[in-house]
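The following note is offered to a colleague beginning to read protein structures. Please keep the sequence and the model in view while working through the numbered points.

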Amino acid sequence: PALGTGLLVMGASTVCLQWFSSVPMTAVLLIGLGIGWNISFVAATAQMADCTAAGERGKLLGFNDLVAALLGATLALVGGYGLESAGVGALAVGATAIVVSPVAWILWRAPRPETAGA
């Protein structure tokens, strides 16, 4: 539930960035994006910790933190160029695509109810 909530908050924030251009509203939406990211990151980290053996847990969580930090730094650098050349709308579309990817993965991996009478 926490992972879904975090992704929902992030998705709503990124989608709304396309429609609101005032500085105060952009600030509120970016705060929402950060809150959603933190909720989903903590929930995903907890799920990874629950699904791994004790001997593997530290390596996996360390690697996850490394990848998250590298991606965050890379996207922050690329985002500056994207903001300058394409504007906030293009960044909002890109951020929405990034948020939709784990949602699609979760929905694809979700257990499906069996069809009756097949």
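1. In helix α3, the buried residues are Leu-61, Gly-79 and Gly-82. The model is a predicted one. The buried residues of α3 pack against two other helices, α2 and α4.

2. Helix α3 itself covers residues 54-86, which makes 33 residues. From its first C-alpha to its last, α3 reaches 46 Å, close to the 48 Å expected at 1.5 Å a residue. The residue that follows α3 is Gly-87, and its phi is positive, near 95°.

3. Helix α4 takes up residues 88-109, 22 residues in all. Its first and last C-alpha atoms are 32 Å apart, close to the 32 Å expected at 1.5 Å a residue. Ala-92, Thr-96 and Val-99 are the buried residues of α4. These buried residues pack against α1, which comprises residues 2-16.

4. Which residues make up the largest nonpolar core? There are five: Leu-3, Leu-7, Met-10, Ala-43 and Val-99. Helix α1 supplies the largest share of this core, with three residues. As general background, nonpolar side chains in soluble globular proteins tend to be buried together. One member of the core deserves separate attention: leaving aside residues up to four places away in sequence, Leu-7 touches Ser-40, Val-99, Pro-102, Val-103 and Ile-106. Val-99 thus appears among the contacts of Leu-7, among the buried residues of α4 and in the core.

5. Helix α1 also contains Ser-13. Is Ser-13 buried or exposed? Its relative accessible area is 5%, and because this is under the 20% limit, Ser-13 counts as buried. When residues up to four places away in sequence are not counted, Ser-13 touches Leu-29, Gly-32 and Leu-33.

6. The structure contains two aromatic pairs. In one of them, the ring centres of Trp-37 and Phe-41 are 4.8 Å apart and the ring planes stand at 15°, so this pair is stacked. Both residues belong to helix α2, residues 23-50, where they are four residues apart, about one turn of the helix. Trp-37 is partly exposed, with a relative accessible area of 41%. Phe-41 is also partly exposed, at 24%.

7. The other pair is formed by Trp-105 and Trp-108, whose ring centres are 5.3 Å apart and whose planes stand at 45°, so the pair is tilted. The reasoning rests on the angle: planes under 30 degrees apart count as stacked and planes over 60 as edge-to-face, so an angle of 45° falls into the tilted class. Trp-105 and Trp-108 both lie in helix α4, three residues apart, about one turn of the helix. Both of these tryptophans are exposed.

8. How many disulfides does a search of the whole structure find? The search finds zero. A disulfide is, in general, a covalent bond between the sulfur atoms of two cysteines. Cys-16 is partly exposed, with a relative accessible area of 25%. For Cys-51 the relative accessible area is 70%, and because this is over the 50% limit, Cys-51 counts as exposed.

Definitions and conventions: Residues are numbered from 1 along each chain as its sequence is written. This is a predicted model: local features need pLDDT of at least 70, side-chain atom pairs count only at pLDDT 80 or more; totals for chains, interfaces and linings use all residues. Side-chain values use heavy atoms; hydrogens and water are left out. The expected span of a helix is 1.5 Å times one less than its number of residues. Buried means under 20% relative accessible area, exposed over 50%, partly exposed in between (1.4 Å probe, protein chains only). Contact means heavy atoms within 4.5 Å. A nonpolar core is a set of buried Ala, Val, Leu, Ile, Met, Phe, Trp, Tyr and Cys residues joined through side-chain atoms within 4.5 Å. Rings of Phe, Tyr and Trp (its six-membered ring) pair if their centres lie within 6.5 Å; planes under 30 degrees apart count as stacked, over 60 as edge-to-face and the rest as tilted. A disulfide is a pair of cysteine sulfur atoms within 2.5 Å.
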